[in-house]
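Visitor: I have a model to look through, and I want the reasoning behind each label. Can you take me through it?

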Amino acid sequence: MEQLIAHPADLLVIGGGINGAGIARDAAMRGLRTILVEQNDLGSGTSSRSSRLIHGGLRYLEQGGLGLVLEANRERRTLLRIAPHLVWPLPFVFPIHRGDRISRWRLAAGMLLYDTLALFRNVRTHRMLGKRAMLEAEPMLRDRGLLGGARYYDAQCDDARLVIATARSAIHHGALVANYMAGLHQRRGAGRVVGAQLEDRLTGEHGAVRASVVVNATGPWADRVRRLEDSGATPLMQPTKGAHIMVDRSRLDNRQAIAFTSPIDGRVMFVLPWGELSYIGTTDTDTVESPDDLTVTADDIIYLLRSVNSRFPSARLGVEDVRASWAGLRPLVVDRGHRSASSRPREHIIVQGSGGMLTVVGGKLTTYRSMAAEAVDQAMRELRHRDGRRRHAEARTDEEPLPGGEAADLSQFRERGLELGIPAPSVDHLLRHYGTEAAGIFNLGGADRGLLRRLLPPHPAIEAEVVHAVRRELAQTVEDVLVRRFHLFYEHSDHGVLAARRVAELMGEELGWDPPRVAEEAERYLAFVQGTTRP
Ligand SMILES: Cc1cc2nc3c(=O)[nH]c(=O)nc-3n(C[C@H](O)[C@H](O)[C@H](O)COP(=O)(O)OP(=O)(O)OC[C@H]3O[C@@H](n4cnc5c(N)ncnc54)[C@H](O)[C@@H]3O)c2cc1C
């Protein structure tokens, strides 16, 4: 808190999802004194509840969103380049069955347009498949009525880690970033917003931060924060809920990602591989649920299971097969035309409130970088208007790698890990998740060999990663580590509960927790798991 309130900032960004982190990175790279506050953990909102796709926008073709497709394609190329450990190419098939909303010829036309708009620089160009080739690609697909389909390529990401890496890059460029720090009432000066009252959610401490420009990047919470500026502000958002479920990949035996249309409502859905698991999503329903306590309902699960079972009838997936689930609110911009949820394009808007606060809503993970640049451009104009000063206007956010993305070829790092005696699966896991930063984790293990122990065998994660999460990735709670940095919550059959105590001990050594606090933090994680996994 002391650091945050010591000096006035040029820019205060409220909300540490992908948009807030992207704005903070862009602003800090342009030399603005930037503060980013997040009320919970970085990425804990919508940005860690996505379909984890960095997509070229194939779906937007149906809505005529050619501009969105062009932008999404460009951004996908950029992210594959600056963060190869966080964003990776993903092959897809799109099977078509008789009676589907999308016919084979329409898919073929769409695919051709998709490749053309990408100037044939899609991850790879598409290929149409006949029935037999489609069944060879995905043997468990329903044979009856199958007409063939397409193979195409897109990209998948680690959404939560993308946010954390982006925020860390902002820190590297001088931004102050604080998680568990809520932006409460706004400070006013001559009718304008000139900062905010902050509350440290872990210590209860309060303080007032001054800032020339305040940006509200709180996603589904944005209207709530706007009402702090203007109690009569009209809502900007009309959120829809999207839920996913995770099942064992062996149940569908899917070799790649699969896009298909739900027989229930004709919406495009996905089965997406995630190591030995596959997740299925998503629903898209209008909702008035609060973003604070969003739940995956029985209806959500049944919709997803019925949709996927229609394509994989022999899998006979049931509720008991659901290993994990998550839901997020799409912060969709209010649609005056009242189109259905799925057909509203995911555009963003930046609006200025009566007190001068900028609110940024909408967008996607995929296009966060360009949206952030637009928001910072607008903040720069506002700053100039306020103090008349010209500032450096360049931010090469598309050139500088995110932490860990400095090299795509990691073979020399692999050697180092193996030399230390780390088992190959753990070395590969570290390289995959941390890119070049795996070297730092190897060094932690080299200095204290106890840290090379696996956290939850046979899972390849090692104890040194917990130390890295606290020292470098701003982890403050066991949940931060097990949910958003390690994903054990989603991936492990017991949601990582068995590792909670050890994680708390390792965190305690870093953060100075005494034994009762260590026990309390481990317990808190168990309570979190119980609260989120019991329907
Ligand atoms: C189901 C689903 C699937 C999706 N799939 C994809 C996909 O595959 N690919 C893609 O590109 N996009 C996808 N999206 C869209 C994408 O996830 C969102 O557009 C994006 O994450 C929004 O980011 P954000 O930063 O605006 O919001 P959020 O990530 O929600 O961040 C807002 C943050 O503000 C914080 N906050 C709120 N109030 C305060 C306060 N007073 N003080 C401090 N902090 C505060 C919250 O805690 C939160 O962390 C999906 C969205 C959903 C819901």
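Guide: What follows is a set of questions on the labels used for this predicted model.

Visitor: Start with the ligand. Which residues come nearest to it?

Guide: Glu38, Thr46, Ser47, Leu53 and Thr366 come nearest, out of 37 residues around the ligand.

Visitor: What makes the approach of Ser47 to the ligand a polar contact?

Guide: The cut-off is a pair of N or O atoms within 3.5 Å. An oxygen atom of the ligand is 2.5 Å from an N or O atom in the Ser47 side chain. That meets the cut-off. The backbone takes part too. A polar backbone atom of Gln39 is 3.0 Å from a ligand nitrogen. A polar backbone atom of Gly45 is 3.5 Å from a ligand oxygen.

Visitor: How much of the ligand's accessible area does the protein cover?

Guide: The protein covers 96% of the 1000 Å² that the ligand has on its own.

Visitor: What is the make-up of the shell by class, and which helix and strands each supply at least two residues?

Guide: The shell has 20 polar, 12 nonpolar and 5 charged residues. Helix H2 (18-29) supplies at least two of the shell residues. So do the strands E8 (181-189), E11 (240-248) and E16 (324-330), each on its own count.

Visitor: Now helix H4. How do you know that its length agrees with the expected span?

Guide: H4 runs over residues 66-82, which is 17 residues. At 1.5 Å a residue, it should span 24 Å. Its end C-alpha atoms are 25 Å apart, which agrees. Among the buried residues of H4 are Leu68, Val69, Glu71, Arg76 and Ile82.

Visitor: And helix H9: why is it called largely enclosed?

Guide: Buried means under 20% relative accessible area. In H9, 10 of the 14 residues are buried, so the helix is largely enclosed by the rest of the structure. The buried residues include Asp300, Tyr303, Leu304, Asn309 and Arg311. H9 spans residues 298-311 and reaches 20 Å from its first C-alpha to its last, close to the 20 Å expected.

Visitor: On to the rings. Why is the pair of Tyr114 and Tyr152 called edge-to-face?

Guide: The structure holds 10 aromatic pairs. In this one, the ring centres are 6.4 Å apart. Pairing needs centres within 6.5 Å, and edge-to-face needs planes over 60 degrees apart. The planes of Tyr114 and Tyr152 stand at 80°, so the pair is edge-to-face.

Visitor: What makes this pair a tie between parts of the sequence?

Guide: Tyr114 lies in helix H5 (residues 104-117), and Tyr152 in strand E6 (residues 146-157). The pair therefore ties together parts that are 38 residues apart in sequence. Tyr114 has a relative accessible area of 1% and is buried. Tyr152, at 3%, counts as buried.

Visitor: Why is the pair of Tyr525 and Phe528 called tilted?

Guide: Stacked means under 30 degrees and edge-to-face over 60, with the rest tilted. The planes of Tyr525 and Phe528 are at 35°, so the pair is tilted. Their centres are 5.9 Å apart. Both lie in helix H18 (residues 515-533), 3 residues apart, about one turn of the helix. In an α-helix, residues three or four places apart point the same way.

Visitor: Are Tyr525 and Phe528 buried or partly exposed?

Guide: Tyr525, at 1% relative accessibility, counts as buried. Phe528, at 22%, is partly exposed. The cut-off for buried is under 20%. Both rings belong to a cluster linked by ring pairs, with Trp88, Trp274, Tyr279, Trp326, Phe489 and Tyr490.

Visitor: Now the backbone. What makes Tyr180 and His487 worth a note?

Guide: Most residues other than glycine have a negative phi. Tyr180 has a positive phi of about 55°. Tyr180 sits in the loop between strand E7 (176-178) and E8. At 9% relative accessible area, Tyr180 is buried. His487 has a positive phi of about 65°. The loop holding His487 lies between helix H15 (478-485) and helix H16 (488-491). His487 is buried too, at 2%.

Visitor: Which peptide bonds are cis, and where do they lie?

Guide: Most peptide bonds are trans. A cis bond joins Gly281 and Thr282, with omega about 5°. Thr282 is in the loop between strands E14 (277-281) and E15 (285-286). Another cis bond joins Pro457 and Pro458, with omega about 5°. Pro458 is in the loop between helices H13 (438-447) and H14 (464-472).

Note on methods. Residues are numbered from 1 along each chain as its sequence is written. This is a predicted model: local features need pLDDT of at least 70, side-chain atom pairs count only at pLDDT 80 or more; totals for chains, interfaces and linings use all residues. Side-chain values use heavy atoms; hydrogens and water are left out. A residue is near a molecule or strand if one of its heavy atoms lies within 4 Å of it. A polar contact is a pair of N or O atoms within 3.5 Å; within protein, one must be able to donate a hydrogen and the other to accept it, and residues adjacent in sequence count only if both atoms are side-chain atoms. Accessible areas come from the Shrake-Rupley method with a 1.4 Å probe; for residues, only the protein chains shown count as cover. Helices (H or I, at least four residues) and strands (E, at least two) are DSSP runs, numbered from the N terminus. Ala, Val, Leu, Ile, Met, Phe, Trp, Tyr, Cys and Pro count as nonpolar, Asp, Glu, Lys and Arg as charged, and the others, Gly among them, as polar. The expected span of a helix is 1.5 Å times one less than its number of residues. Buried means under 20% relative accessible area, exposed over 50%, partly exposed in between (1.4 Å probe, protein chains only). Rings of Phe, Tyr and Trp (its six-membered ring) pair if their centres lie within 6.5 Å; planes under 30 degrees apart count as stacked, over 60 as edge-to-face and the rest as tilted.
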